[in-house]
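Q: Got a minute to go through this one with me? I'd like to start with the holes inside and then move on to the strands.

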Amino acid sequence: MQRSNLNHTKHFRKSQQLQLLLSFFIPLILMMSYFIYRKMAPFGSSSLLTVDLGQQYVDLFAYFRHTILHDPTAFFYSFSKAIGGDMLGTWAYYLMSPFNFILLFFSGKTITTGIFIITVLKYAFAGLTFAILIQKMYRQASWLIPGLATAYALMGFTIANQLNLIWLDAPILLPLIVLGMEQIFTTGKIRWFVFWLTLILIINYYMAYMICIFCILYFIFASANHYTAIKEWFTAIKKFVCGALLAAGLSSWMLIPTFYILTQSKVQYTETSFKFKFEYFPFKMLSKLLPGTFNFQQMPSGLPNIFIGAFCLIGFILYFSNQRLSIRERLTAAIISLFLFLSLCFEPLNLFWHAMQYPWWYPYRFSFIVCFWMIFLASRYLFSMPTFSSKSFVLTILIFLAGLSYLWFNLKVFKNYVHQDQFIIGSLFVLLGFLCFVLLRQRPSSSWLITVLIILDVFVNACWSLNNLSYVSQSEFGKYTTALNSAISQIQKKDAGFYRIGTTYMRTKDDAMQAAFNGASHFSSTFETQIPNFMQKIGQPEGDGFVTYSNGTLITDSLLNMKYWSKNIDTNQLVNNTTTNATPILPALTYRPDLTDYKLVGQDTLTQTFKNPYALSIGFGASSQAKKFDGRTLDPMQYQSQLYGSLAGQSKAKLFTAQNFNEVIFQNINQTTKLTGSVLKKNNLSKAGIVTFKFTPTTNDAYYLTLGQELNPDNATFTVNGKALTQYSPYRNTVVVNFANHSKGKTVTLKIQLKKMNLWLQNFTLYRLNQRTFTKIHKQLAAAPLKISHHNSHRLTGKITVAKENNFLMTTIPYGKGWHAKVDGHSAKITKVAGTFCGVQLTKGTHQISLTYWPPYLLTGTLISLFCLILILVAIYFQSRNKRQIKI
């Protein structure tokens with residue numbers, strides 16, 4: 001008898017282990033097979049890069065790799081983040097996942113292979129952790145586990161947000177956090193709750209915020225389930241609160257400095273007002289329970305992705321009829337469910353889950369919690385020896401029939417993402433789901449067959465949804481990355497100093513992070529607002545969370561230490577393939593004829609490298625007048641002129657002069673003598689409306705146009721001398737466009753063709769740069785450069801010699817609380833210049849300068865984390881000594 005029990009135990013353990021293995025490998029094999037079928041790198045010509053994964057995350061992953069392998073100081077600060085910025089907040093949101101260490105084995109264009117591996121592993125681990133949770137909670141768990149785990153791994157949220165790879169650690173850790181909370185009630189221990197909650201707080205504070213809200217909800221549910229007496233309940237509350245505080249304390253080294261950075265970036269976009277309204281008719285979310293309902297149109301403002309498969313959905317509804325579970329528990333679960341579903345459609349609750357900020361694309365980001373909750377309750381129904389009530393079963397069927405009827409009669413409402421074939425397939429899976437519950441009751445041993453159906457259901461949804469998306473080809477990404485790295489490395493091999501590099505081509509705004517150089521463009525959700533504000537003032541395209549340094553002038557290039565420019569060679573032959581409409585390897589970003597003022601110092605088959613003779617050092621001696629500069633009311637040309645002049649003590653210097661066009665020709669457009677601010681109108685809507693501006697420069701100086709936000713490619717096409725005017729779009733403020741250079745006596749023709757009936761010539765003005773005045777001021781500013789002797793990502797040291805008239809050290813390092821200056825070994829006060837930059841007052845003579853950045857409150861957070869760690873170690877020590885009350 002004893003041997004029989006032992007054999008049974010061994011068999012049970014092997015069965016459990018196999019269930020866990022299947023829960024891991026089924027999602028892994030399914031998604032890997034699908035990606036191989038779609039020819040994703042390294043198995044074909046495509047890649048997983050699409051939308052933010054291709055436009056943002058892949059570059060940050062390359063930066064992660066460079067930091068770990070080559071420059072650990074970039075963990076704190078990076079000059080690849082626009083013209084410089086704190087990086088701790090960026091790490092906290094984007095890069096702290098342990099899975100990212102896989103990327104260390106993949107460089108350059110092969111990084112897409114690393115992304116492939118991480119993606120399929122995250123699917124697999126989500127299935128594994130959910131299976132662990134169910135096994136630990138229910139000893140009688142069956143072969144349904146791999147099916148339920150796969151449903152969780154391939155839920156609607158995961159499929160829709162596969163491209164948001166940084167969020168997929170949350171579904172992996174959520175089941176483990178819930179398991180840790182269960183142990184508070186079952187064993188009295190909080191160690192695993194503290195550990196897993198700490199981990200998610202460090203990996204991604206944003207998703208952790210949502211999980212923390214759910215932890216409160218789940219604790220209420222668990223209290224209803226495990227309640228025995230008021231004393232034990234209060235004990236559980238104390239342990240839950242202590243565990244949460246310990247987790248927050250242990251992660252303080254990351255959270256506290258990150259919160260400070262958020263006050264300089266995302267927090268400034270927090271909504272302070274909202275409407276008590278439903279964002280859409282709540283029943284519309286039923287459409288997202290059908291397979292294949294995710295596509296590109298759903299990304300910006302679609303409905304919540306809550307697909308979990310028909311079987312799990314049926315189990316979720318039947319849970320509430322299970323009389324083996326206490327009415328207290330089921331009532332609590334119903335209230336929590338109502339709260340979660342209302343959160344998916346009621347604006348104040350939705351805003352609350354997103355930390356009081358409306359998401360930029362990818363709405364209802366907490367839907368993974370709703371999916372988890374539904375699958376979890378379905379599992380609880382299945383593994384709690386449920387009673388089978390014919391009445392509740394029929395009622396559930398009627399609920400589904402009502403929902404399907406609503407969808408059928410409103411298919412036209414959902415036509416952008418739901419078609420008749422999806423409805424039919426979804427209905428078929430519902431029918432099979434109900435049959436499975438009948439089969440499960442009559443033949444429990446058939447659970448493996450039901451698992452197959454669950455897997456088929458969610459895999460069909462995954463394939464159908466992902467088939468709606470297109471991806472960046474591996475060739476397009478690989479060739480661009482190789483060309484960019486080659487161009488940048490050629491510059492860096494020749495010049496080991498500190499400088500910034502501009503490019504006339506761009507794949508993403510984070511190219512500088514991809515190729516590890518100091519640039520001036522950037523895009524991220526944790527981007528400090530002061531840099532976009534400055535870029536807007538000097539006429540660069542910018543927005544919430546991004547800047548694109550595409551519209552530099554000789555002045556801004558000089559000021560911002562843009563020492564080198566890499567220019568794509570304008571040839572139609574250099575493309576990814578031989579077709580007529582092939583994409584260039586290096587897509588053009590901007591039109592910069594003024595680069596002819598710079599010296600050509602290198603060239604290969606794709607690029608030319610120009611060295612800027614006017615580039616100032618990252619720091620230089622300037623006039624103390626700079627401290628008084630305030631350009632808040634100036635337009636971009638005035639701002640550039642007065643800022644540059646004030647640095648030399650010549651704030652009234654006139655660097656730009658407005659010019660008149662020599663001839664303006666109107667075709668099918670009302671004529672006007674005043675151009676700037678006028679509204680052009682077509683005379684005949686059916687004919688093309690074109691206005692032609694001709695200008696013959698009288699000097700070889702650089703000429704610039706200012707274009708208001710209405711003068712964009714959506715409203716008109718722009719050509720210069722018959723060629724398209726390459727210009728980054730969109731832009732929400734006035735931008736500066738280089739129009740001509742070294743064109744004395746040559747007529748330059750600008751044509752604007754209206755795309756609509758009207759066009760507002762908003763801030764449309766032509767300017768000439770006074771080259772002589774510019775050269776004179778530059779020479780004065782370049783007379784006292786900060787000669788950098790050592791630099792890394794967060795520290796610069798060097799020497800400077802200043803006279804009385806230029807005894808203010810001006811830098812183009814963005815001002816931040818974390819910067820600390822030392823002059824000749826003594827701490828010095830940093831002054832904020834032009835609301836953007838760091839400056840230090842000096843005395844006449846030669847000085848040794850040291851500028852160092854440490855994230856604000858990093859020390860405070862680290863001390864709190866160390867205190868909490870010591871507290872835990874002391875508790876463990878005393879627990880091991882006397883085995884008394886405290887359990888960790």
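Q: What's the volume of the largest cavity?
A: About 130 Å³. Bear in mind that this is a predicted model.

Q: Which residues sit closest to its centre?
A: Ile-501, Thr-503, Ala-520, Ser-521 and Tyr-549 are the closest to the centre, out of 16 residues that line the largest cavity.

Q: And which elements give two or more residues to that lining?
A: Strand 3 (500-503) and helix 21 (511-515). The largest share comes from strand 3, with 3 residues.

Q: How does the lining divide into nonpolar, polar and charged?
A: For the largest cavity, 9 lining residues are nonpolar, 5 are polar and 2 are charged.

Q: How many cavities of 30 Å³ or more are there in the structure?
A: The structure holds 6 of them.

Q: Back to strand 3. What order do the strands of its sheet come in?
A: The order is 3-7-9-8, so to speak reading across an open sheet of 4 strands with mixed pairing.

Q: Which strands stand at the edges?
A: Strand 3 and strand 8 (599-603). Each has a single partner strand, so one side of each is left without a neighbour in the sheet.

Q: How many degrees are neighbouring strands turned against each other there?
A: On average 25°, direction ignored.

Q: Do strand 3 and strand 7 run parallel or antiparallel, that is, which of the two?
A: Parallel: 4 bridges join strand 3 to strand 7 (residues 562-568).

Q: What stands opposite Ile-501 in strand 7?
A: Tyr-564. Ile-501 is also one of the residues closest to the centre of the largest cavity.

Q: Okay, new topic: strand 14. How many of its residues are buried?
A: 5 of the 6 residues in strand 14 (residues 690-695) are buried, meaning under 20% relative accessible area. So strand 14 is largely enclosed by the rest of the structure.

Q: How many bridges pair strand 14 with strand 12?
A: There are 5 bridges, and strand 12 (residues 663-667) pairs with strand 14 in the antiparallel sense. Within that pairing, Phe-693 in strand 14 has Val-664 opposite.

Q: And how many bridges join strand 14 to strand 19?
A: That one has 6 bridges, and strand 19 (residues 748-754) runs antiparallel to strand 14.

Q: What's the bridge partner of Thr-692 in strand 19?
A: Lys-751 is the partner of Thr-692 there.

Methods. Residues are numbered from 1 along each chain as its sequence is written. This is a predicted model: local features need pLDDT of at least 70, side-chain atom pairs count only at pLDDT 80 or more; totals for chains, interfaces and linings use all residues. Side-chain values use heavy atoms; hydrogens and water are left out. Buried means under 20% relative accessible area, exposed over 50%, partly exposed in between (1.4 Å probe, protein chains only). Two strands pair if DSSP finds at least two bridges between them. On a 1 Å grid over the protein atoms alone, a cavity is a set of points where a 1.4 Å probe fits but cannot get out, and a pocket is an open set with protein on both sides within 12 Å along at least five of seven lines; lining residues have an atom within 4 Å of a point. Grid points are joined across faces, edges and corners, and a volume is the space filled by probe spheres set on the points. Ala, Val, Leu, Ile, Met, Phe, Trp, Tyr, Cys and Pro count as nonpolar, Asp, Glu, Lys and Arg as charged, and the others, Gly among them, as polar. Axes are lines fitted to C-alpha atoms, for helices over the stretch in contact, and angles run from 0 to 180 degrees between N-to-C directions.
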